Amino acid sequence: MTKNRTREKRFAFFLGCVTPFREVSYETASRRVCEELGIELVDMDGVNCCGLPIEAINRDMALSMAARNIVIAEEMGLDIVTICSGCAGALTKTNGIMKENSEVRNQINKYLKKIGREFKGTIEVKHFARVLLEDIGIEKLRKLIKHPLTALRIAGHYGCHVLKPAAHMKFENPEDPTFLHELIELTGATDARYEGEKDCCGGMVVGVDTDIPLSQVRKKMNHVKEAGAQALVTICPSCHLMLDSNQERAGKPFDETYNMPVLHYPQLLGLAMGIPPEELALDELKVKADEVLLAIKGLS
Amino acid sequence: MTKSWGTFTSFKGTTIEIAAPDFTEVVKKLTGGKDLTACFQCTKCTAGCPVTEKVSIQVHEIMRMLLLGMKEVLETDMIWRCTSCYTCQERCPQGIDVTDILIGLKNLAYEDGIGPDAYRENAKSVLESGFAYQTSGFRRKKRDAKGLPALPEANMAEVEKLAELTGLKALLEEDEAK
Ligand code: SF4
Ligand code: SF4
């Protein structure tokens with residue numbers, strides 16, 4: 001499909017629920033960075049949950065809800081961008097299944113017909129990280145870096161659903177992804193490699209068993225510390241929620257303290273692009289990023 | 001043959017008890033389920049699973065229990081502690097969509113009225129507001145103050161209709177009646 005340039009920079013913006021529920025800082029920073037990059041985010045009217053949180057209870061309903069969201073974007077004539085890996089997982093996966101599997105498409109379209117809608121398969125769904133890489137491109141982004149963050153060592157948390165299931169996400173090899181390393185290096189920071197970069201945050205089961213995310217957070221924090229990182233970056237509100245707000249609970253039983261700032265990737269990119277920290281909602285992080293800001297103060 | 005080192009020497013005439021063959025057939029119809037018999041118990045799925053230390057039955061064991069018709073899978077900690085990380089699915093050398101099967105099993109469990117409340121709560125919230133997590137008035141005000149656009153309002157008539165058609169609504173009502 002060939003696209004004209006204006007369309008490339010205009011997206012239907014699927015916000016999802018975890019971001020407004022607990023991670024407004026992520027939205028603030030993402031919108032600010034998009035403004036700087038000339039990406040227009042068109043809000044989607046009448047959308048609902050992406051479907052992921054109810055996949056466990058009723059898969060058909062999850063698919064129908066995801067498909068309904070996609071149909072709204074089809075009607076807008078825009079590709080979807082989302083900053084949540086969970087939403088990207090649900091929407092990109094559903095889009096792929098609906099396009100490729102006629103049996104599922106017919107079944108879900110039967111439901112959608114009853115609400116006067118139809119899935120046509122005319123748009124793409126992308127996580128914001130992919131838009132940066134595929135629609136803007138590293139070369140162009142590099143030219144926009146005004147303050148390379150050379151004083152920083154930053155670790156990246158990939159998360160699961162932006163990459164998997166790979167058959168539907170069609171992004172990078174989930175066993176050996178590189179996009180987050182590239183995005184970190186783009187900012188001028190050193191990419192701090194560590195054990196378990198791709199490990200799950202456990203957030204999906206936080207309502208069932210808090211022990212799982214807490215032990216995932218503990219492992220991650222220890223590995224990131226060992227790597228000498230000053231901060232960790234995430235590209236998902238749920239991963240961020242687990243990793244930023246649970247450090248104390250995760251470490252306490254083991255007499256461990258981490259104090260590891262966890263930045264939303266657009267915050268890091270924004271800093272490197274010269275956007276003032278106040279406009280990137282850095283003060284809203286639970287673990288404060290003061291030392292990170294101090295380390296880059298006066299850099300230019 | 002000069003000597004036999006055991007009394008069981010042949011499968012001839014032996015039947016292996018399948019606990020509930022119907023259950024296996026139901027599972028085969030789930031997304032990914034048609035490949036159940038391709039599992040050769042290599043344990044690669046378990047090797048990459050982030051919750052192995054937290055469960056008493058491992059995911060490769062679930063796969064075999066399904067073939068043996070053991071409905072007990074629905075009450076194992078494995079399916080409920082599974083984070084849906086898809087690592088098993090990506091790594092299975094037999095191309096089995098293991099995570100999708102686990103999701104299907106969770107659906108079956110809810111049809112039987114079992115399963116943790118967390119997902120039920122998500123579903124109830126979706127039927128109330130269209131979203132699994134509802135942003136509080138306090139946070140909405142905070143967003144307004146920051147100049148962020150108003151949150152989208154879901155079309156509840158459409159959400160409810162879909163919940164009826166997919167059986168989600170009936171499922172929640174049955175749970176409520178219990
Ligand atoms: S990785 Fe696949 S074949 Fe191997 S035990 Fe697991 S499900 Fe079976
Ligand atoms: S999807 Fe579930 S079973 Fe598979 S590796 Fe992840 S946690 Fe384990």
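Colleague: What share of the accessible surface of chain B belongs to carbon and sulfur atoms?

Modeller: This is a predicted model, so every value here is computed from it. The accessible surface of chain B is about 9,500 Å². Carbon and sulfur atoms account for 53% of it.

Colleague: And what is that share for chain A?

Modeller: In chain A, carbon and sulfur atoms hold 48% of the surface. The total there is about 11,400 Å².

Colleague: What makes up chain B, in helices and strands?

Modeller: Chain B has 10 helices and 0 strands. From the N terminus on, its elements run α-α-α-α-α-α-α-α-α-α. Chain A has 15 helices and 8 strands.

Colleague: How do you know whether chain A agrees with a compact globule?

Modeller: Set its radius of gyration against the globule rule. For 300 residues the rule gives a value near 19 Å, and chain A has 19 Å, so the two agree. Along the principal axes, its C-alpha trace spans about 55 × 45 × 30 Å.

Colleague: What radius of gyration does chain B have, against that of a compact globule of 178 residues?

Modeller: The globule would be near 16 Å, but chain B has 22 Å. Chain B therefore does not match the rule. Its C-alpha atoms fill a box of roughly 90 × 35 × 25 Å along the principal axes.

Colleague: What percentage of the residues in chain A is buried?

Modeller: Buried residues are 64% of the 300 in chain A. In chain B they are 44% of 178. To count, a residue needs a relative accessible area under 20%.

Colleague: What percentage of the contacts in chain A joins residues at least 24 apart?

Modeller: That percentage is 76%, taken among contacts between residues at least 6 apart in sequence. In chain B, pairs 24 or more positions apart make up 59% of the contacts with a separation of 6 or more.

Colleague: How far apart are the centres of the positive and negative side chains in chain A?

Modeller: They lie 4 Å apart, for 38 positive and 42 negative side chains. Chain B has 23 positive and 26 negative charges, with mean positions 6 Å apart.

Colleague: How many aromatic pairs does the structure hold?

Modeller: There are 4 over all chains. One of them joins Trp80(B) and Tyr110(B).

Colleague: What makes Trp80(B) and Tyr110(B) an aromatic pair, and of which kind?

Modeller: Two values decide it. The ring centres are 5.5 Å apart, and the limit is 6.5 Å. The planes meet at 85 degrees, and over 60 counts as edge-to-face. So the pair is edge-to-face.

Colleague: Where in chain B do the two partners, Trp80(B) and Tyr110(B), sit?

Modeller: Trp80(B) is in helix H4, residues 77–81. Tyr110(B) is in helix H6, residues 98–111. They are 30 residues apart, and the pair links distant parts of the chain.

Colleague: Why does Trp80(B) count as buried?

Modeller: Its relative accessibility is 10%. Buried means under 20%, so Trp80(B) qualifies. Tyr110(B) has 1%, so Tyr110(B) is buried as well.

Colleague: Which residues do ring pairs link into a cluster?

Modeller: Tyr158(A), Phe171(A) and Phe179(A).

Colleague: Which residues is Phe40(B) in contact with, leaving aside its neighbours within four places in sequence?

Modeller: Pro93(B) and Gln94(B). A contact needs heavy atoms within 4.5 Å. The C-alpha atoms of Phe40(B) and Pro93(B) are 9.4 Å apart, and the two residues are 53 apart in sequence. Phe40(B) is in the loop between helix H1 (21–28) and helix H2 (44–48) of chain B.

Colleague: What makes the peptide bond from Lys164(A) to Pro165(A) cis?

Modeller: Its omega is near 0 degrees. Most peptide bonds are trans. Pro165(A) is in the loop between strand E5 (153–156) and helix H9 (166–169) of chain A.

Colleague: What is the phi of Asp255(A)?

Modeller: It is near 55 degrees, a positive value in a residue other than glycine. Most residues other than glycine have a negative phi. Asn259(A) is not a glycine either, and has a positive phi of about 50 degrees. Asp255(A) lies in the loop between helix H13 (247–251) and strand E8 (262–264) of chain A. Asn259(A) is in the loop between H13 and E8 too.

Colleague: Why does Asp255(A) count as exposed?

Modeller: Exposed means over 50%, and Asp255(A) has 77% relative accessibility, so the label fits. Asn259(A) has 65%, so Asn259(A) is exposed too.

Methods: Residues numbered from 1 in each chain as written. Chains lettered and ligands numbered in written order. Predicted model: local features only at pLDDT ≥ 70, side-chain atom pairs only at ≥ 80, totals over all residues. Heavy atoms only, no water. Helix = DSSP H or I, 4+ residues; strand = E, 2+ residues; numbered from the N terminus. Rg over C-alpha atoms; globule rule 2.2 N^0.38 Å. Buried < 20%, exposed > 50% of the residue type's maximum accessible area, 1.4 Å probe, protein only. Areas by Shrake-Rupley, 256 points an atom, 1.4 Å probe, with all protein chains shown as cover. Lys, Arg positive; Asp, Glu negative; His and termini not counted. Charge placed at Lys NZ, Arg CZ, Asp CG, Glu CD. Phe/Tyr/Trp six-rings, centres within 6.5 Å; stacked < 30°, edge-to-face > 60°.
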